Amino acid sequence: MGFSQTIIIGNAGKDPEQRFTQAGQEETVVNLAVSRKRKDGTEITQWWRCKFYDKLGETVKKYVV
């Protein structure tokens, strides 16, 4: 089985949200805005909804403010 990785660099739309799944697992959700400029000078913003679980979620809550 292969390993895949994506790096998203952007700005958080608001503070991370913490919640728990039905199974009781901690889940942290962050909405990230990624903007880029086109050749014609217009700017496009794309929103990404990122979910993190357990200890990685705790790290996200600590540093994304």
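## Surface and overall shape

Accessible areas here come from the Shrake-Rupley method with a 1.4 Å probe, and for residues only the protein chains shown count as cover. On that footing, the chain in this predicted model exposes about 5600 Å², and carbon and sulfur atoms supply 51% of that area. As for burial, 17% of the 65 residues of the chain count as buried.

The chain holds one helix and four strands, and reading along the sequence gives the pattern β-β-β-β-α. How spread out is the chain next to a compact globule? Its radius of gyration is 15 Å, while the globule rule gives 11 Å for 65 residues; the value is well over the rule, so the chain is more spread out than a compact globule. If you'd rather think in terms of a box, the C-alpha trace spans about 50 × 35 × 20 Å along its principal axes. On the contact side, take the pairs in the chain whose residues are at least 6 apart in sequence: 36% of those contacts join residues at least 24 apart.

## Charges and salt bridges

Now for the charges. There are 11 positive and 8 negative side chains in the chain, and the centres of these two sets lie 5 Å apart. Side chains of opposite charge can pair when their charged atoms come close. With a cut-off of 4 Å between a side-chain nitrogen of Lys or Arg and a carboxyl oxygen of Asp or Glu, the count comes to five salt bridges.

Which residues are linked in a network of salt bridges? They are K14, E17, R19, E27 and K51. Within the network, R19 pairs with E17 at 3.5 Å, N to O, and R19 also forms a salt bridge with E27, where the closest N and O atoms are 3.8 Å apart. E27 has another partner in K51, with the closest N and O atoms 4.0 Å apart. That pair links distant parts of the chain: K51 sits in strand β4 (residues 43–53) and E27 in strand β3 (residues 26–37), 24 residues apart.

Is E27 buried or exposed? E27 is buried, because its relative accessible area is 8% and the cut-off for buried is under 20%. Its partners are another story: R19 is partly exposed at 31%, and K51 is partly exposed at 45% relative accessibility. E17, on the other side of the R19 pairing, is partly exposed too, with a relative accessible area of 29%.

## Two residues worth a look

D54 is one to click on if you care about backbone angles. It has a positive phi of about 55° although it is not a glycine. The place of D54 is in helix α1, which covers residues 54–63. As for solvent, D54 comes out at 38% relative accessibility, so it counts as partly exposed.

V34 belongs to strand β3 and is partly exposed, with a relative accessible area of 23%. What does V34 contact, leaving aside its neighbours within four places in sequence? The list is I8, I9, G10, I44, T45, Q46 and W48. T59 lies 25 residues from V34 along the chain, and the C-alpha atoms of V34 and T59 are separated by 21 Å.

Key:
Residues numbered from 1 in each chain as written. Predicted model: local features only at pLDDT ≥ 70, side-chain atom pairs only at ≥ 80, totals over all residues. Heavy atoms only, no water. Buried < 20%, exposed > 50% of the residue type's maximum accessible area, 1.4 Å probe, protein only. Helix = DSSP H or I, 4+ residues; strand = E, 2+ residues; numbered from the N terminus. Rg over C-alpha atoms; globule rule 2.2 N^0.38 Å. Contact = heavy atoms within 4.5 Å. Lys, Arg positive; Asp, Glu negative; His and termini not counted. Charge placed at Lys NZ, Arg CZ, Asp CG, Glu CD.
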